[in-house]
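The following report describes selected side-chain and backbone features of a single model, with the cut-offs stated where each term enters. Please read it alongside the sequence and the coordinates.

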Amino acid sequence: MSKWMQILITTLVFAFFCCSSETKDIAQEKEEIIDSNELASVIEVNFSGGDNNYTFSVTIASPDTGCDQYADWWEVTDLQGNLIYRRILAHSHVNEQPFTRSGGPVEILKNTEVYVRVHMNNTSYGSKVMKGSVNEDFTATTLDSGFAKNLENQEPQPNGCAF
């Protein structure tokens, strides 16, 4: 085998092991970020229906551990922080991550811009939310976790945690 062929094979083997361990490191780092995060995030919003009668399907990633720590609702607010709709989540989703739950009717017009965010029972609102409208779709954004924090005390409220 020529010297150049040996160098090429050595380089390819090194690149393979280098990249696969780097991929593992990135995956492990991602898991650590999720595990250390005590806030839930909205990662996708889908919808169906028509003006003033939409059903939203919201996908959430949350560090649920049981009734002691779980995402207890997702909600839709206008850009000023007024509650439009809240979907209560009656139990934790420890073994179902991320998870999707639907709710409605969400009474908005197709071009009304809103935030969709999630709340944890013990750590409040997460900052990773979705912003958009039915007409323009929803995109990920960051919202100060103190935005419209007064809504935490507004009805409807969870009535316990099933499991």
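P156 lies in the segment after β9, where strands (E, at least two residues) and helices (H or I, at least four) are DSSP runs numbered from the N terminus. The peptide bond that leads from E155 into P156 is cis, with omega near 0 degrees. A second cis peptide bond joins G104 and P105, with omega of about 5 degrees, and P105 is found in strand β5, which covers residues 99–106. This is a predicted model, in which local features need pLDDT of at least 70 and side-chain atom pairs count only at pLDDT 80 or more, whereas totals for chains, interfaces and linings use all residues. Residues are numbered from 1 along each chain as its sequence is written, and side-chain values use heavy atoms, with hydrogens and water left out.

Most residues other than glycine have a negative phi, and most peptide bonds are trans. Two residues with positive phi can be set beside the cis bonds. N52, in the loop between β1 (41–50) and β2, has phi near 60 degrees, and at 42% relative accessibility N52 counts as partly exposed; buried means under 20% relative accessible area, exposed over 50%, and partly exposed in between, for a 1.4 Å probe and protein chains only. S124, found in strand β7 (residues 124–125), has phi near 80 degrees and, at 11% relative accessibility, counts as buried.

The segment after β9 also takes part in a covalent link. A search of the whole structure finds one disulfide, defined as a pair of cysteine sulfur atoms within 2.5 Å, and this disulfide joins C67 to C161 with an S to S distance of 2.1 Å. The pair links distant parts of the chain, 94 residues apart, since C67 is in the loop between β2 (53–61) and β3 (71–78) and C161 is in the segment after β9 (137–142). The link of C67 and C161 is left-handed, with -80 degrees about the S-S bond. C67 is partly exposed, with a relative accessible area of 34%, and C161 is partly exposed as well, with a value of 24%.

Which residues are joined into one network by salt bridges that share partners? The count comes to four salt bridges when a salt bridge is taken as a side-chain nitrogen of Lys or Arg within 4 Å of a carboxyl oxygen of Asp or Glu. Three of these are set out below.

| Salt bridge | Closest N to O distance |
|---|---|
| R86 and E75 | 2.8 Å |
| R117 and E75 | 2.8 Å |
| E152 and K149 | 3.2 Å |

Shared partners join E75, R86 and R117 into one network. R117 lies in strand β6 (residues 114–120) and E75 in strand β3, so this pair ties together parts that are 42 residues apart in sequence, while R86 in strand β4 and E75 in strand β3 are 11 residues apart. Both R86 and E75 are buried, and R117 is buried too. K149, by contrast, counts as partly exposed at 38% relative accessibility.

The two arginines of this network also sit over aromatic rings, a charge being counted over a ring if NZ of Lys or CZ of Arg is within 6 Å of the ring centre and within 35 degrees of the ring normal. R86 lies over the face of W73, at 4.0 Å from the ring centre, and the charged end of R117 sits over the ring of Y125, 3.5 Å from its centre.

The structure holds six aromatic pairs, where rings of Phe, Tyr and Trp (its six-membered ring) pair if their centres lie within 6.5 Å, and planes under 30 degrees apart count as stacked, over 60 as edge-to-face and the rest as tilted. Among them, F47 and F56 form a tilted pair, 6.5 Å centre to centre with 45 degrees between the planes; F47 is partly exposed at 28%, whereas F56 is buried at 0%. W74 and Y85 form another tilted pair, 5.6 Å centre to centre with 50 degrees between the planes, and both residues are buried. F47, F56 and F138 form one aromatic cluster.

F138 is also one of the residues in contact (heavy atoms within 4.5 Å) with S133, together with K110, N111, T112 and E113, when neighbours within four places in sequence are left aside. S133 belongs to strand β8 (residues 128–133) and is buried, with a relative accessible area of 2%.
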